[in-house]
Amino acid sequence: MKLTADGVSWQAGATLIVQSVSLAVGAGETFGLVGPNGSGKSTLLKMLAGIRAPSSGRILLGDEPIGAISRRRVAQTIALVEQLADTIDRITVRDAVELGRTPWLSALSPWSVRDEEAVADALRAVGMERLATRSWHTLSGGERQRVHIARALAQEPSILILDEPTNHLDIHHQLSILALIARLPVTTIVALHDLNQAMACDRVGIMDGGRLVAVGPPREVLSTERIETTFAVRATICVDPSDGAHLLRFHGTP
Amino acid sequence: MRRGWRWGWIAPPVLLIAFVAGASIGETPIPAHTVLTVLANKLFGAAFAVDRIDAGIVWNYRLSRAVVAACCGAGLALAGVVLQALLRNALADPYLLGISAGASTGAVAVAVAGVGGGMVSLSAGAFIGAAAAFVLVAALARAAGGGAGVQAAGVIVLAGIAGSQLFNALTTFVIAKSANAEQARGIMFWLLGNLSGVRWPDAWLAVPAALLAVAVCIYHIRTLDAFTFGADSAASLGIAVRRCQALLIGVTALVTAIMVSLVGSIGFVGLVIPHAMRFVVGVRHGLLVPASALAGAVFLIASDIISRIVIPGQVLPIGVITALVGAPVFALILVRGRAGR
């Protein structure tokens, strides 16, 4: 399903965190969002997920304004994986993933075999099925992130929004989570810190000071000039001789 | 939720045993079979022979008292469950957050100022006080940057202390300004939590309040679970966060207010019971809500029994008993919470 931002802004007090961003992400697309710290990525993602109402502009899910759709129906379509969401409750991995079924359950449609299967599939997709009975508090950062993704998958969304899902993970888990996201047959919008990881997306958007300053295929928008103005580092583009992929190498400015 | 209801059969026998214990233990011990006989006579119109004085004590004094105690225990325990789930704070409890103190202020203002009169207006005053206290404490916590998250957990408790102190001071001020010496003594005793004056008319307010709390919480079991990773996460799981928070906290304040207006402010029930039940049944609300309601009911009946018999010839305020149990548990949660992180 198509998700559109139509001139959305978000204001905290007098500060504009996001300024009139317009963006359309099509069905099946993997869209990467990059930008320096504090450029408004997380806020934009929360607006796209419909859990934060824009101060101005609107978000459309399909053709409908997201604010006009019930929270429950939005959650049946869009799942959000936040950064570092933690809990004080002593829950198990399975408990956490079962939360993903919340938008599908009600007094009239109680927990069923169908939900059991969705949870099992989600656990399998992230390779956590053998840790299902482990306590949340004993998990490593990478395992917790995978559980969050499993919870989002258990929601069976057609759009998955992830806020820096590879943060704090070792390189193996970073790559396995990115590969997992790439395999999923859903529309994905993912904020990324690592510009080389963004190279694998279908399209990339660059946030700078609350504005979306560039959108397009990664090789076009992640140019050395753009990287220098937005991230304040010099970059050179290298080509991997094994597969011809473009890599960015960064040089700090003195 | 799907594993919960097969334990439902436990509730009626446990409650019956608690009621019978509440009715038979006291300064004048009354055998359990006499209590059951009175119950049969009153509830099912049986005509068993029974001593009229015993019957009077059992039915008019002790049973009404046990029923109100059970309702207060269930209501306050659920208030704790709701506040802990929504505020993501292990120490959230209507007493610690100043909601009980606000309710006391409201109730005392009505009682001493004599606005309206009768039970309902006392409860209404208590509700206004409770709601005002919660709004104040929440605003203070927000201003202090409490927001959400594990690290900010202490802020709202500090705000609660400030709120409690303010409303307790207001209560004392109202008493000192408007009440005569005898009124003041009665109110001070009531403030510590006291079931001595409780009769059947009080139960007609307590029972619906407790049933409301149970019904609202059971209807919102999945909502309470969805707050496990915070409000934004709950929203992304399809919960209408603002509406649910307003409803659940509103009901919490209302039930707390009604209980305070009936029996004074009894502390720590909302803290001790949910934590104890998490050890027994786990953190999922499908079991935690009914277990906490039941355990809260039994805990307060037991506390009431102890308050009647611990010093012969004298009734201790029930709040003293719950605090003697609750304060160490509070300390334990603090220490464990630190180790857990």
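**A helix across a sheet, and an all-helical partner**

Let us start in chain A, where helix α1 (residues 41-48) lies across β3, β7 (159-163), β8 (187-191) and β9, running at about 155 degrees to β8(A). Such angles run from 0 to 180 degrees between N-to-C directions, with axes fitted as lines to C-alpha atoms, for helices over the stretch in contact. Helices (H or I, at least four residues) and strands (E, at least two) are DSSP runs, numbered from the N terminus. Before going on, please keep in mind that this is a predicted model, in which local features need pLDDT of at least 70 and side-chain atom pairs count only at pLDDT 80 or more, while totals for chains, interfaces and linings use all residues. Residues are numbered from 1 along each chain as its sequence is written, and chains are lettered from A and ligands numbered from 1 in the order in which they are written.

The strands under that helix belong to an open sheet of six strands in chain A, with the order β6-β7-β8-β3-β9-β10 and mixed pairing. Two strands pair if DSSP finds at least two bridges between them. At the edges stand β6 (78-81) and β10 (211-216) of chain A, each with a single partner strand, so one side of each is left without a neighbour in the sheet. From one strand to the next, the twist averages 15 degrees.

Two of the pairings are worth following in your viewer. Strand β3 (residues 30-34) of chain A and strand β9 (residues 203-208) of chain A run in the parallel sense, joined over four bridges. Which residue of β9(A) is the bridge partner of A:Phe31? That partner is A:Arg203. At the β6 edge, β6(A) and β7(A) also pair in the parallel sense over four bridges, and here A:Ile78 has A:Ile159 of β7(A) as its bridge partner. The side chains of β6(A) are easy to sort: A:Ile78 and A:Leu80 point one way, A:Ala79 and A:Val81 the other way, and all are buried. A residue is buried if 20 or more other C-beta atoms lie within 10 Å of its own, exposed if 12 or fewer, and partly exposed in between, with C-beta atoms placed from the backbone.

Now step back to the whole of chain A. There are nine helices and 12 strands in this chain, and 41% of its 254 residues count as buried. Its C-alpha atoms fill a box of roughly 55 × 45 × 30 Å along the principal axes. The radius of gyration of chain A is 19 Å, which agrees with the value near 18 Å that a compact globule of 254 residues would have; the radius is taken over C-alpha atoms, and the globule rule is 2.2 Å times the number of residues to the power 0.38. Of the contacts in chain A with a separation of 6 or more, 66% are between residues 24 or more positions apart. Two residues are in contact if their C-beta atoms, placed from the backbone, lie within 7 Å.

An unreviewed UniProt entry lists residues 3-234 of chain A as "domain: ABC transporter"; such annotations may be inferred rather than shown by experiment, and the positions are given in the numbering used here. That span is 33% helix and 27% strand, and its end C-alpha atoms lie 33 Å apart.

Chain B offers another picture, with 14 helices and zero strands. Its radius of gyration is 20 Å, close to the 20 Å that the globule rule gives for 341 residues, so chain B is as compact as a globular protein of that length. The C-alpha trace of chain B spans about 65 × 55 × 35 Å along its principal axes, and 53% of the 341 residues count as buried.

Two residues of chain B show both ends of the burial scale. B:Thr34, in helix α2 (residues 32-44), counts as buried because it has 20 C-beta neighbours inside 10 Å. Leaving aside neighbours within four places in sequence, B:Thr34 is in contact with B:Val50, B:Asp54 and B:Val58. B:Leu16, in helix α1 (residues 11-24) of chain B, is exposed, with 12 other C-beta atoms within 10 Å.

Finally, where do the chains meet? Here 22 residues of chain B are in contact with 26 residues of chain A. On the chain B side, α9 (221-226) and α10 (231-236) each supply at least two residues, and the largest share, four residues, comes from α10(B).
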